[in-house]
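Please find below my note on the structure you sent round, set out as numbered points for checking against the coordinates.

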Amino acid sequence: MDSNCAQCHGIPAAQPLVEWLTDANGVCLANTIRIVCANCTYYDTQQPLLDRNGYWDRAFELSTLKKYINIVNNMAWDNYPLAMQRINEVLKHAN
Ligand SMILES: [Zn+2]
C-alpha cells in the first residue's frame, strides 16, 4: 500500500482519509481499508456498492489514525490479522 489515493491514484489531498467499509451488522471489512482523497471515498464514488450490500463507510483523517488506534484495534473486524496488517501499512503514511 502506498500513500497515493486508492480511488483516483492521484497524490492524496492535503488531508487524506483512511477509510473502510462495514457490513450491515457493523462488522468492519479488513480488505476494504484504504487511503483516499477527501472526495474519493467509497461513499462519494461507489454509492451503488454500498446500497446494494447495506455497507457503511467509515472514514476519518489519516493524521488522526494514531490518536484513535486503540479504538480501531478494538473494532469488530471480519479478519483481524489482515486488518492489523493493513492498518500498520496505513500508519506508515500517517505522519
Ligand atoms: Zn483521489
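The points below take up the metal site, the sheet and the nonpolar cores in turn.

1. The model is predicted, and the remarks that follow should be read with that in mind.

2. The zinc ion is held by four cysteine sulfurs, namely the SG atoms of Cys5, Cys8, Cys37 and Cys40, with coordination distances of 2.3 to 2.4 Å. Along the chain these donors are spaced as C-x2-C-x28-C-x2-C.

3. On the geometry of this site, the angles subtended by the four donor atoms around the zinc ion run from 105 to 114°, and the arrangement is therefore tetrahedral. For reference, the ideal angle for four tetrahedral donors is 109.5 degrees.

4. As to the surroundings of the ligands, Cys5 counts as buried because its relative accessibility is 1%, and Cys37 likewise counts as buried, at 7% relative accessibility, the cut-off being under 20%. Cys40 is also buried. A search of the whole structure for disulfides returns zero.

5. The sheet is open and has three strands in the order 2-1-3, paired in antiparallel fashion. Strand 2 (34-36) and strand 3 (56-61) lie at the edges with a single partner strand each, so that one side of each has no neighbour in the sheet. From one strand to the next, the twist averages 35°.

6. Within this sheet, strand 1 (residues 17-22) is joined to strand 2 by three bridges, the two strands running antiparallel. In this pairing Val18 of strand 1 is set opposite Ile35 in strand 2.

7. Which residues touch the most other members of the largest nonpolar core? In this core of 18 residues they are Val18, Trp20, Ile33, Leu65 and Trp77. Strand 1 and helix 4 (80-91) are the elements that contribute two or more residues to the core, and helix 4 supplies the largest share, with five residues. Val18 thus appears both in the sheet pairing, opposite Ile35, and among the residues with the most contacts to other core members.

8. A second core, separate from the one above, has five residues, including Leu17, Val36, Cys37 and Cys40. Two of the residues named here, Cys37 and Cys40, are also zinc ligands through their SG atoms, and a reader following the metal site will therefore meet both of them again in this smaller core of five residues. Leu17 lies in strand 1 (residues 17-22), whereas Val36 lies in strand 2 (34-36).

Terms used. Residues are numbered from 1 along each chain as its sequence is written. This is a predicted model: local features need pLDDT of at least 70, side-chain atom pairs count only at pLDDT 80 or more; totals for chains, interfaces and linings use all residues. Side-chain values use heavy atoms; hydrogens and water are left out. Two strands pair if DSSP finds at least two bridges between them. Helices (H or I, at least four residues) and strands (E, at least two) are DSSP runs, numbered from the N terminus. Axes are lines fitted to C-alpha atoms, for helices over the stretch in contact, and angles run from 0 to 180 degrees between N-to-C directions. Donors are N, O and S atoms within 2.8 Å of the metal (3.2 Å for Na, K and Ca); water is not among the atoms, so sites may look incomplete. Four donors count as tetrahedral if all angles lie between 85 and 135 degrees; four count as square planar and six as octahedral if opposite donors are over 155 degrees apart and all others between 65 and 115; anything else is irregular. Buried means under 20% relative accessible area, exposed over 50%, partly exposed in between (1.4 Å probe, protein chains only). A nonpolar core is a set of buried Ala, Val, Leu, Ile, Met, Phe, Trp, Tyr and Cys residues joined through side-chain atoms within 4.5 Å. A disulfide is a pair of cysteine sulfur atoms within 2.5 Å.
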